[in-house]
Amino acid sequence: MVISLDRLGLGRGISETLVTTLSPRGRPNAGPMGIHRRGEGLWVYLYRDSRTFPNVVARGRLVVNVVSDPLLFVRAAFSDLAPGEFVRIGGEPVLREARSWLLCHARPGRGDSVKVRAALEPLRGGVRRPGVEAPNRGRAAVLEAAIAATRYVIFHDREKRETIERSRRVVERCGGPGEKAAFRRLELFIP
Ligand SMILES: Cc1cc2nc3c(=O)[nH]c(=O)nc-3n(C[C@H](O)[C@H](O)[C@H](O)COP(=O)(O)O)c2cc1C
């Protein structure tokens with residue numbers, strides 16, 4: 001089955017999503033995670049101290065949820081979502097608020113004492129609300145840099161220069177080809 005990641009709102013670079021998993025006892029969990037997409041590759045880095053990590057080790061699967069509500073990112077990062085915030089699709093936990101979802105086979109591989117890289121293989125996906133796109137920090141960083149640059153070209157202040165430099169690092173790490181091209185263009189205008 002060919003699944004279009006673009007249609008699910010998972011662009012190139014790192015998409016910020018909520019990853020949902022089931023514990024071995026069947027309890028659903030959600031945690032914000034960045035989904036890396038480069039070339040044909042799809043993967044996620046899982047912090048060992050997250051609840052998501054042992055769930056993935058136990059079941060070998062996870063669901064990537066594209067959501068647009070920033071409050072949901074904060075709540076999922078620092079507290080448990082209520083069981084009623086999940087629905088089951090084919091037995092797998094999907095967020096009620098998900099604009100789209102992607103069930104993946106996840107194979108934890110190499111890592112260090114802090115995090116482990118898990119290769120993702122898409123199994124099934126669905127769009128619940130069309131016109132979706134996962135947040136990409138690289139895109140936000142292009143906008144931050146562009147705003148700072150409009151001030152920097154006039155005032156040459158150090159704070160704006162630092163914002164541009166910080167943004168460059170985020171674009172390099174998280175951006176897709178579109179964000180990187182936009183940043184290169186922006187740099188042409190910065191003295
Ligand atoms: C925007 C955002 C992106 C994050 N990306 C990751 C990630 O890629 N991998 C990871 O393990 N944790 C990531 N985190 C941190 C986890 O979300 C955090 O450790 C959370 O408590 C994990 O939830 P869990 O313990 O329910 O699995 C991210 C947090 C935020 C806010």
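**Exercise 1: the ligand shell**

Task: work out which elements each supply at least two residues of the shell around the ligand, and which residues come nearest.

Step 1. Each of β2 (28-38), β3 (41-47) and α2 (70-78) puts at least two residues into that shell. Helices (H or I, at least four residues) and strands (E, at least two) are DSSP runs, numbered from the N terminus. Residues are numbered from 1 along each chain as its sequence is written. You're looking at a predicted model, where local features need pLDDT of at least 70 and side-chain atom pairs count only at pLDDT 80 or more, while totals for chains, interfaces and linings use all residues.

Step 2. Now look for the main supplier: β2 gives the largest share of the shell, five residues.

Step 3. There are 15 residues around the ligand, and the nearest are Gly31, Tyr47, Ser50, Arg51 and Thr52 (near means a C-beta atom, placed from the backbone, within 6 Å).

Step 4. Sort the shell by class and you get eight nonpolar, five polar and two charged residues. Here Ala, Val, Leu, Ile, Met, Phe, Trp, Tyr, Cys and Pro count as nonpolar, Asp, Glu, Lys and Arg as charged, and the others, Gly among them, as polar.

**Exercise 2: α3 against α4**

Task: describe how helix α3 (residues 137-155) and helix α4 (residues 158-174) pack.

Step 1. Start with the recipe: two packed helices are described by the angle between their axes and the distance between the axes.

Step 2. For α3 and α4 the angle is about 155°, and the axes are 8 Å apart. Axes are lines fitted to C-alpha atoms, for helices over the stretch in contact, with angles from 0 to 180 degrees between N-to-C directions.

Step 3. Because of that angle, α3 is roughly antiparallel to α4 (under 35 degrees is roughly parallel, over 145 roughly antiparallel, 65 to 115 roughly perpendicular, the rest oblique).

Step 4. Check the handedness: α3 goes past α4 in a left-handed crossing (the near helix is turned anticlockwise from the far one by less than a right angle; clockwise would be right-handed).

Step 5. Time to pick out contacts (C-beta atoms, placed from the backbone, within 7 Å). The α3 side includes Arg137, Ala141, Ala145 and Tyr152, and the α4 side includes Lys160, Ile164, Val171 and Cys174. Taken by class, the residues of this contact are ten nonpolar, three polar and six charged.

**Exercise 3: α3 against α5**

Task: do the packing description again for α3 and helix α5 (residues 177-187).

Step 1. These axes come within 9 Å and cross at roughly 10°. So α3 is roughly parallel to α5.

Step 2. The α3 and α5 crossing is left-handed.

Step 3. On the α3 side, Gly138, Arg139, Val142, Ala145, Ala146 and Ala149 take part, meeting Glu179, Ala182, Phe183 and Leu186 in α5. The class count for this contact is seven nonpolar, one polar and two charged residues.

**Exercise 4: buried or exposed?**

Task: decide whether valine 67 is buried or exposed, then do the same for histidine 156 and proline 177.

Step 1. Find valine 67 in the loop between β4 (61-66) and α2. It has 24 other C-beta atoms within 10 Å, so it's buried (20 or more others within 10 Å is buried, 12 or fewer exposed, in between partly exposed, with C-beta atoms placed from the backbone).

Step 2. Look at who touches valine 67: Leu18, Leu72, Leu95, Glu97, Ala98 and Arg99, leaving out residues up to four places away in sequence. Valine 132 is 65 residues from valine 67 in sequence, with 8.3 Å between the two C-alpha atoms.

Step 3. Hop to histidine 156, in the loop between α3 and α4. Histidine 156 counts as exposed because it has 10 C-beta neighbours inside 10 Å. It also has a positive phi of about 50°, although it isn't a glycine.

Step 4. Finish with proline 177, which sits in helix α5. Its 10 C-beta neighbours inside 10 Å make proline 177 exposed. From proline 177 to glycine 11 is 166 residues in sequence and 9.9 Å in space, C-alpha to C-alpha.

How values were computed. Contact = placed C-beta atoms within 7 Å.
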